[in-house]
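Trainee: I should like to learn how to read a contact between chains and the surroundings of a ligand. May we work through an example together?

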Amino acid sequence: MNSPWMIETKQLTKMLGGKPVVDRVDMLIQKGEIYGFLGPNGAGKTTTIRMLLGLARPSSGHIRLLGKDIRRERLDILRKVGSLVEYPSYYGHLSGYENLEAVRRLLDIPKSRIDEVLAIVRLTKDAKRPVKGYSLGMKQRLGIATALLGSPELLILDEPTNGLDPAGILEIRELIKSLPRSQGVTILISSHLLSEVDQMATRVGIISSGRMIFQDSIARLRKQAKSGIRMRVSEPEQAMRLLHGHGFQAAVESELLAFDDLPDAQIGAMVARLSEHGHLIYRIEESAASLERIFLDMTGTEGSL
Amino acid sequence: MLRVLSAEWLKIRRKGIWFLVMLGPLGAVGLQGLNYAIRYDYLMPLYADDPWGRLITNVTMLMLPSMFIGLAILASMNAGIEHQMNAWKQTLALPVKRRDVFLAKFFITSLLLLVSSTLIIAFTLMLGWLLGLEMNPPVVQLLQASYYPYLAIMPFVALQTNLSVLIHNQAVPLTVGILGTVISMFALWLPDWMPWIWPYLENSYGEPLYSVLAGVGTGAVILLIGMLVFNRKDVR
Ligand SMILES: Nc1ncnc2c1ncn2[C@@H]1O[C@H](COP(=O)(O)OP(=O)(O)OP(=O)(O)O)[C@@H](O)[C@H]1O
Ligand SMILES: [Mg+2]
């Protein structure tokens, strides 16, 4: 019961169509964390989340949520978990308020909570309209309101910004960041975009083809982001050949000279060489490889964005 | 269970379900009304020995097919509410027993059908009095004619609930429902053990209650099977 883990899976596996879609995943999420669950399309994020919520049965492995076994104490656990899985679920013919009321009746909590969550997601004004007339962003916000209804200790959000425009994405992100962290809510949020959870997550897990390939703090992930040096010069190609002649490693990337990170002394030496041979140096800048880059390298998928 | 039922009750709002619940009884009794109105002078002497009894039987003959198709549509609408916008995953990730969610779908369909059966009684009474039959109708016969078939048709309520809940594509349960309705029209030629004949309360023992018991028992078994499958099923 006093396990520090809000989510703990051991060798979690799901076979679908004869192949492992989720493959021996050990996921650990601590209380109070915002955990970014990342992976390209089809990596197995949704499948994992479905198993966490008891919607799908693991083929093998174990799941403990809030320190309890999901198979034995499903109802106790779900009382303290709010979720939003894949595209929003809603009853189109009912108003936003009635949608929440339908869920409220199942949760058996006071009606006043509906107005509270409507206010949190700023849907109070539209609460009386049928949901089928809502924009995608509004439906997604209603989904988050539904997830929050039971004042959960653990919030599981599967791609909450899926299909939204940049403004909508920003809005949802702000919303999630504004959630009462003080009450110690733990949040699992999945996404195929690192940038999306980058600014909120404290820890990340990266899943690719069903395997968890990285699970650590976001700071650790950043450390892997090797920085480099870029230099804008008058004749990049000639400059590169010159530097090669002097034993420096250099490449030309989109009209810029590019180097791995180098100590100051070496940069100074390079600049001196270039100046000697009449190259004009317009600017020198440090460039950090984006987290997005690392993510792509790790998951080995190009352009899944 | 009550929590789940009250949520279900809310969800069937504004779906035209109540209209459908009215439509069946209104159709069955209305058509008989038309029949009597057109052939009044011919029918009344013909049925002189038992005017109420004949009216009740006539209404029942039209009621049964509309029950078969009506319950299929009701079951499909109730399940469709969840299928349509992927609400199963939301509902089943809430602290509710899967069993209760499944049974609630069955109970709501049963309840709506019960309302229809009750309306049949009310409408038949009105039609009878409108036709100038005597003021005190055979109450027991009237109740039996409506509620016995209701109980005997339970295997189909269970079957349609199972199909509608377990299968995403509602064309499947609706097709099965339509086929069943067609078969039911020829039910009187079927042997006793075929469930389609049970709502007609006809059996070789001449005891309507046997049909009712067979219906309730078989209905419970079919429902149980559906529930067990639903309990194990991965939710999309
Ligand atoms: N019923 C099934 N039979 C076989 N394979 C399946 C089945 N359902 C899902 N899959 C496969 O499982 C894999 C993981 O799917 P999942 O939805 O978990 O991915 P995801 O990480 O959520 O992706 P996305 O970012 O697109 O939402 C996919 O490759 C999919 O093709
Ligand atoms: Mg997914």
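Mentor: The discussion below treats the chain interface and then the ligand shell. Please note that this is a predicted model.

Trainee: How many residues does each chain bring to the contact?

Mentor: Contact here is judged by heavy atoms within 4.5 Å. Chain B brings 30 residues and chain A brings 30 residues. Between them the two chains bury about 3000 Å², of which 54% lies on carbon and sulfur atoms. Lys89(B), Gln90(B) and Pro95(B) account for 22% of the area that chain B buries against chain A, more than any other three residues.

Trainee: How many salt bridges does the rule find across the interface of chain B and chain A?

Mentor: The rule requires a side-chain nitrogen of Lys or Arg within 4 Å of a carboxyl oxygen of Asp or Glu. It finds 3 salt bridges across this interface. Lys14(A) and Asp234(B) form a salt bridge through their side chains, at 2.6 Å from N to O. On the side of chain B that touches chain A, α1(B) gives the largest share, with 6 residues. That side comprises 12 nonpolar, 5 polar and 13 charged residues.

Trainee: Which element gives the largest share of the shell around ligand 1?

Mentor: Helix α1 (residues 45-52) of chain A does, with 3 residues. By class, the shell holds 4 nonpolar, 6 polar and 2 charged residues.

Trainee: How far are polar side-chain atoms from oxygen atoms of ligand 1?

Mentor: For Asn41(A) the distance is 3.0 Å, for Thr46(A) 2.6 Å, and for Thr47(A) 2.4 Å. The protein covers 61% of the 640 Å² of accessible area that ligand 1 has on its own.

Note on methods: Residues numbered from 1 in each chain as written. Chains lettered and ligands numbered in written order. Predicted model: local features only at pLDDT ≥ 70, side-chain atom pairs only at ≥ 80, totals over all residues. Heavy atoms only, no water. Buried area = accessible area lost by both parts, 1.4 Å probe. Helix = DSSP H or I, 4+ residues; strand = E, 2+ residues; numbered from the N terminus. Nonpolar A, V, L, I, M, F, W, Y, C, P; charged D, E, K, R; others polar. Polar contact = N/O pair within 3.5 Å; in protein donor to acceptor, adjacent residues only side chain to side chain. Areas by Shrake-Rupley, 256 points an atom, 1.4 Å probe, with all protein chains shown as cover.
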